[in-house]
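Biologist: Could you walk me through the labels on this model and show me how each one is earned? I would like to set the values against the cut-offs.

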Amino acid sequence: MIPRIHKQGSSTRGLLNYLFGKGTREEHVDPHLVASFDSTAPDPGRDASATRQDLQRLLDQPLRLVSEDQRPDQHVWHCSVRAAATDRILSDEEWGDIARRIVAATGIDPDGAVGAGCRWAAVRHADDHIHVIATLIREDGWRPHHHRSGQRAQAEARLIEADYDLHRVAPGDGTAAKRPTSAERHKAERQGRQRTAREQLRESVRGAAAGVTSTDEFFERLAAEGLLVRKRFAPSGDLLGYKVALPGDRNKDNEPVFYAGSTLGPDLSLPRIRERWTRDAAAISAGPSETAQPLLPPITHPAFARRRATDATWQALLVIDLGDEGAAAAQIAAAGEVLDALAKTSATHTRVELRQAAMAFERAGRSHVRAVRGHAHALRQAARDLVRSGPALGRGEDGATTAMVIDMAVFLVIAAANWHAKKHHSQQAAAARQTAAHLRSAYQAAAAQPIDALRRRGQQLAPRIGHLQADLLRQALPEELAERIRAEQSWPALAATLTDAQQAGHDPAALLAEAARHRELDSADSVSEVLVWRLRRAAHLPAAAEIPRSVPARAERRTATSAPAAAPISRPTTPSNHRR
């Protein structure tokens, strides 16, 4: 159940005309009162002798108790309360009780309070929601104590959901981006767009900000996205902020509808975006530390960029599990930039799910825990490399490294979900879990071809080599886990990877034990595939079974080797419950 406090208005009659009218698209059905401050209030919807003017006069009567110069300019309070799409249809009596609880909780008409309450009425013109209108002068001439009425209404809605056995909405913490208004949604429907201008702009601005390192670069990316940009300057000439608009989104005067960055997301204001690279620079200039390392030279090949993103994601996992709050929050926020960059540069067969993943994780990237941005510059550079390397192919080394980085990203967002859950960040934890579901679908699409190629290679191994790899598996891993892997469809792909590692001069048993030690495996959908990507990353093996001539294996190995390997970090004995 979602209550929403609308902007205060100055015309009771105007709002009543809307509530009891046909609606902007004639969607209002049988408008009528379900509750009011007075059971005898006139109902213009079902009482032929009552008019909207009668109800307006009754609601506004307390305004006469104060002089005109003391009356509030915006005296009309408006709250809508909407049930979830999966909820049952509530009766008028139930909606009436909900309305009374909302006005009591918000201070409009508190139960048992000293003094009088405000005059209010609740109107129902659809099955799934009601509107409450109130006059912000109490019947004793005083103003109501309705500060923070939005948060109070949300808290009461959580209790209502439990009492009426309705869909439970995860409680928020005030860090969510602003939802599209009903007017914005209706406008999008009229124009045949699936998403509102606000939502499209939010995605475009987030993509433009992924890995950006200067104000000029940020605005260049916005222009490249085809957005209209309006900058805001101080009298001194200093740049203070910006607004963006879609070229085709115009108001009634045929002017572009601009949105300030801060209204698209709390982390999309210009000062907050600037923090990303200024804190990275400060961390680097401060010298080496356990989590802050000098930025590596930029790379321009999609496969190499995905390799680096995989390494940075692995390091971020360790920080989230073992680092302090500020460092973990920084990694989670920067993970959103990597997902935005992946969505922006992905191949067609993974693009939809990766875009959905990035949009879902937008909510998981913010909380009241202050992010120490300097700790996340490796992820931010990975996002920058992904954008600069351009679109990836869906096959060959590009496609295989895409599967590799998505596989690691699944574990990262589940680690973020667990981190948020421990801190009771319900909405963020739910958003991270939703992100993981989209990433799993993207992984299946990305990994199908490279895993199948590795599986075929494994099936072609000589029986003697296959037996040796099976013995190695049993030696390096617990017996139950080893037998599970042997029974999986992708075991031949892992056998081929172990063979490749041995031929490259590595100790496959040591690699296997190290890969299994650092993170739990029991909850993985396919342990074989998880180990394939971990081993190929750790051993700097080509991700694909066959390397195209445009991406030589030796060049791949040299580039991957130039990146610093993640230092082994001791792991707690308690499993992390990361499911892929």
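Modeller: Ring pairs join Phe218, Phe219 and Tyr242 into a cluster. Before we go on: this is a predicted model, where local features need pLDDT of at least 70, side-chain atom pairs count only at pLDDT 80 or more, and totals for chains, interfaces and linings use all residues. Residues are numbered from 1 along each chain as its sequence is written, and side-chain values use heavy atoms, with hydrogens and water left out.

Biologist: Why is the pair of Phe219 and Tyr242 called edge-to-face?

Modeller: Rings of Phe, Tyr and Trp (its six-membered ring) pair if their centres lie within 6.5 Å; planes under 30 degrees apart count as stacked, over 60 as edge-to-face and the rest as tilted. The centres of Phe219 and Tyr242 are 6.0 Å apart and the planes stand at 80 degrees, so the pair is edge-to-face. This pair links distant parts of the chain, with Phe219 in helix H7 (residues 215-224) and Tyr242 in strand S7 (residues 239-245), 23 residues apart. Helices (H or I, at least four residues) and strands (E, at least two) are DSSP runs, numbered from the N terminus.

Biologist: And what kind of pair do Phe218 and Phe219 form?

Modeller: The structure holds three aromatic pairs. The one between Phe218 and Phe219 is tilted, at 5.4 Å centre to centre and 55 degrees between the planes.

Biologist: Are Phe218 and Phe219 buried or exposed, and how do you know?

Modeller: Buried means under 20% relative accessible area, exposed over 50%, partly exposed in between (1.4 Å probe, protein chains only). Phe218 has 0%, so Phe218 is buried. Phe219 has 8% and is therefore buried as well.

Biologist: What makes Arg457 and Asp500 a salt bridge?

Modeller: The term asks for a side-chain nitrogen of Lys or Arg within 4 Å of a carboxyl oxygen of Asp or Glu. For Arg457 and Asp500 the closest N and O atoms are 2.6 Å apart, and a salt bridge is formed. This pair also links distant parts of the chain: Arg457 is in helix H15 (residues 426-459) and Asp500 in helix H18 (residues 491-503), 43 residues apart. Arg457 has 28% relative accessibility, so Arg457 counts as partly exposed, whereas Asp500, at 10%, counts as buried.

Biologist: Which salt bridge does Asp500 form with a residue in helix H20?

Modeller: Asp500 forms a salt bridge with Arg536, the closest N and O atoms being 3.1 Å apart. Asp500 lies in helix H18 and Arg536 in helix H20, so this pair ties together parts that are 36 residues apart in sequence. Arg536 has 2% relative accessibility and therefore counts as buried.

Biologist: How do you know that Glu488 and Arg484 form a salt bridge?

Modeller: Their closest N and O atoms are 3.5 Å apart, and the pair is a salt bridge. Glu488 is buried, because its relative accessible area is 14%, while Arg484, with 30%, is partly exposed. The structure holds 35 salt bridges.

Biologist: What is notable about the phi of Asp165?

Modeller: Most residues other than glycine have a negative phi. Asp165 is not a glycine, and its phi is positive, about 55 degrees. Asp165 sits in the loop between H4 and helix H5 (182-190). At 65% relative accessibility, Asp165 counts as exposed.
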